[in-house]
Amino acid sequence: MSLGEFLLVAVLAVPMLGALAVAVIPRDLPARVAGTVAAALTLVAALALAVDRSSGWTAYSATPPAVRPWHALDLPWVPGLDLRFHLGVDGISWPLVVLTALLTLLCCGYTCWRVPPGGSGRALVALLLVVEVGILGTFLALDLVLFFLFFEVVLLPMYAIIVGWGGDGTDPAAVAARRRAARKFALYTLFGSVLLLVGVYVVVAAAGTADMVTLTGGTGLSRGTQLAAFTLLAVAFAVKSPLWPLHSWLPDAHTQAPTVGSVLLAGVLLKMGTYGLIRVAVGVAPEGARWAAPVLGVLAVAAILIGSLVCLAQTELKRLIAYSSVGHMGFVLLGIATLTATGIQAALIGNVAHGIITGLLFFLAGAIKDRTHTGALRDLSGLRETAPRLSGLLAFAAVASLGLPGLAGFWGEAFAVVAAVQVGGPLWITLAVLAAFGGALTAGYLLRLLRQVTHGAPTPAVAGLKPGLAGAELVAWTPLVLLALAVGLAPTLVLGVAEAPVTALVEVLR
């Protein structure tokens with residue numbers, strides 16, 4: 001077994017074994033520490049996947065196969081059905097693999113300091129590691145059936161996290177609210193899963209293979225099959241992303257989820273949908289993608305505008321951040337819809353930037369809510385007077401989210417608009433202008449948030465806050481602050497590794 005094959009196995013096996021270890025360790029704190037160690041080892045393995053990548057990423061060409069992973073593991077799985085345990089990583093998936101491993105480590109480490117009420121800490125850490133396995137497997141799978149199975153692994157543990165540790169209390173109304181949010185999340189996800197399963201069946205039955213390397217470019221699929229498959233797959237991934245108008249599960253899930261659940265949900269779980277749209281829907285059914293591109297562009301801009309307008313009317317902190325994800329994912333979809341190298345690159349860096357910045361925002365929102373016991377914006381004014389460090393970090397995360405040049409959020413949104421202009425024509429120029437206006441609305445609602453929360457006289461909920469930050473909070477938040485700066489100042493950290501595979505993908509779309 002080569003080093004690359006070993007690392008691919010380790011990235012999935014370590015968190016899986018870590019979850020089992022956490023489940024069998026009887027004492028709570030040692031179990032949480034063991035889970036954090038497993039998450040740290042997973043991050044090390046994920047980072048090491050970039051080692052010795054020259055054999056894959058420099059070898060791209062315009063001829064099939066369009067997917068040439070840095071490292072791959074291809075073993076028989078179900079020989080009778082010609083299914084294989086096929087894993088691989090390239091410049092499209094690797095940044096998301098690292099982001100997933102990092103956010104899971106920060107969440108597990110955060111639980112060593114504070115466990116939300118509702119259940120044992122070791123059970124929460126075990127579920128976080130299982131969620132990590134599902135997300136990582138989704139990003140690494142190069143077999144459609146394997147992709148579907150990993151895609152589904154996330155559902156039940158995330159449902160359990162929301163039900164078990166979410167909400168604002170243990171009274172019957174709070175319990176009913178978080179169960180209702182978890183059910184909504186599960187039902188929407190199951191709806192998307194059914195469509196994904198049907199789409200996978202359509203592709204595999206028509207092509208006679210589930211291998212994504214072979215299928216990329218629409219090999220063996222007629223135009224009619226590609227149109228049908230793309231429709232099914234795009235709607236399935238739109239639910240998970242979530243993209244307007246299939247987004248209504250998101251605000252309730254975020255509002256009710258515990259802090260670590262919200263961080264993973266916004267930071268990487270949503271990326272399963274946009275990644276699947278690029279890797280599977282666009283890659284496997286390019287004719288369907290070209291056919292649906294104008295519709296995707298219109299829906300993307302609708303998401304940007306509607307998400308921003310709804311945020312302007314929000315009065316609760318976590319719901320505002322949740323709705324902001326609808327708009328940010330709209331920019332990602334706009335980039336994908338252009339089917340250009342610039343647009344897909346914008347979508348990829350937008351995915352990573354959103355994970356970093358929104359993960360930090362939910363950490364901060366959770367800290368504010370834990371200290372003040374409220375998320376109502378009207379009850380949070382004056383934060384900079386009593387907790388200036390927390391207020392300063394919130395301001396940093398907000399301006400990063402609104403796309404300030406020099407921070408991570410700028411590149412994806414700016415170049416999604418540029419890509420739409422490059423496509424040209426009345427429709428795409430109009431979409432670019434409306435998307436740019438949506439970016440201005442994004443600045444409006446985030447600046448409104450800062451004015452309401454950080455300025456003014458301290459409210460009773462804020463007046464008694466201590467000015468300092470806990471050490472565990474600094475440890476969890478500092479990597480995200482540094483990454484928001486690093487990706488903003490050096491976008492080649494993401495774009496450099498993705499350039500070759502994106503170029504190869506765009507070639508097969510022509």
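Start by selecting phenylalanine 6, which counts as partly exposed because its relative accessibility is 49%. The model on screen is a predicted one. Phenylalanine 6 sits in helix 1, which covers residues 3-24.

Keep Phe6 selected and add Met1, Leu3, Val9 and Val51. Together these five residues make a nonpolar patch of about 510 Å² on the surface.

**Leucine 320**

Next, go to helix 15, residues 317-337, and pick leucine 320 within it. Is leucine 320 buried or exposed? Its relative accessibility is 0%, so leucine 320 counts as buried; the cut-off for that class is under 20%.

Show the neighbours of leucine 320. Leaving aside residues up to four places away in sequence, leucine 320 touches Cys311, Gln314, Leu377, Tyr445, Arg448 and Leu449. Then draw a distance from leucine 320 to alanine 432: the C-alpha atoms are 24 Å apart, and the two residues are separated by 112 positions in sequence.

**Leucine 339**

Move on to the loop between helix 15 and helix 16, where leucine 339 is found. What is notable about phi of leucine 339? Phi is near 55°, a positive value in a residue other than glycine. With a relative accessibility of 16%, leucine 339 counts as buried.

**The largest pocket**

From the loop, continue to the largest pocket, whose volume is about 470 Å³. Its lining is made up of 25 residues. To centre the view, select Arg114, Pro117, Gly167, Asp168 and Asp370, the lining residues that lie nearest the centre of the pocket.

Now colour the elements that give two or more residues to this lining: helix 7 (155-165), helix 11 (249-256), helix 12 (259-269) and helix 16 (341-372). Which helix gives the most to the lining? Helix 16 does, with three residues.

**Histidine 373**

For the last stop, select histidine 373, which is placed in the loop between helix 16 and helix 17 (383-386). Here too the backbone angle is worth displaying: phi of histidine 373 is near 65°, a positive value in a residue other than glycine. Histidine 373 has a relative accessible area of 69% and is therefore exposed, the cut-off for that class being over 50%.

To finish, display both loop residues together. Leucine 339 is buried at 16% relative accessibility, whereas histidine 373 is exposed at 69%.

How values were computed
Residues are numbered from 1 along each chain as its sequence is written. This is a predicted model: local features need pLDDT of at least 70, side-chain atom pairs count only at pLDDT 80 or more; totals for chains, interfaces and linings use all residues. Side-chain values use heavy atoms; hydrogens and water are left out. Patches are made of residues with over 30% relative accessible area and no salt bridge: like charges are joined within 9 Å, nonpolar side chains (Val, Leu, Ile, Met, Phe, Trp, Tyr) within 5 Å. Accessible areas come from the Shrake-Rupley method with a 1.4 Å probe; for residues, only the protein chains shown count as cover. A salt bridge is a side-chain nitrogen of Lys or Arg within 4 Å of a carboxyl oxygen of Asp or Glu. Helices (H or I, at least four residues) and strands (E, at least two) are DSSP runs, numbered from the N terminus. Buried means under 20% relative accessible area, exposed over 50%, partly exposed in between (1.4 Å probe, protein chains only). Contact means heavy atoms within 4.5 Å. On a 1 Å grid over the protein atoms alone, a cavity is a set of points where a 1.4 Å probe fits but cannot get out, and a pocket is an open set with protein on both sides within 12 Å along at least five of seven lines; lining residues have an atom within 4 Å of a point. Grid points are joined across faces, edges and corners, and a volume is the space filled by probe spheres set on the points.
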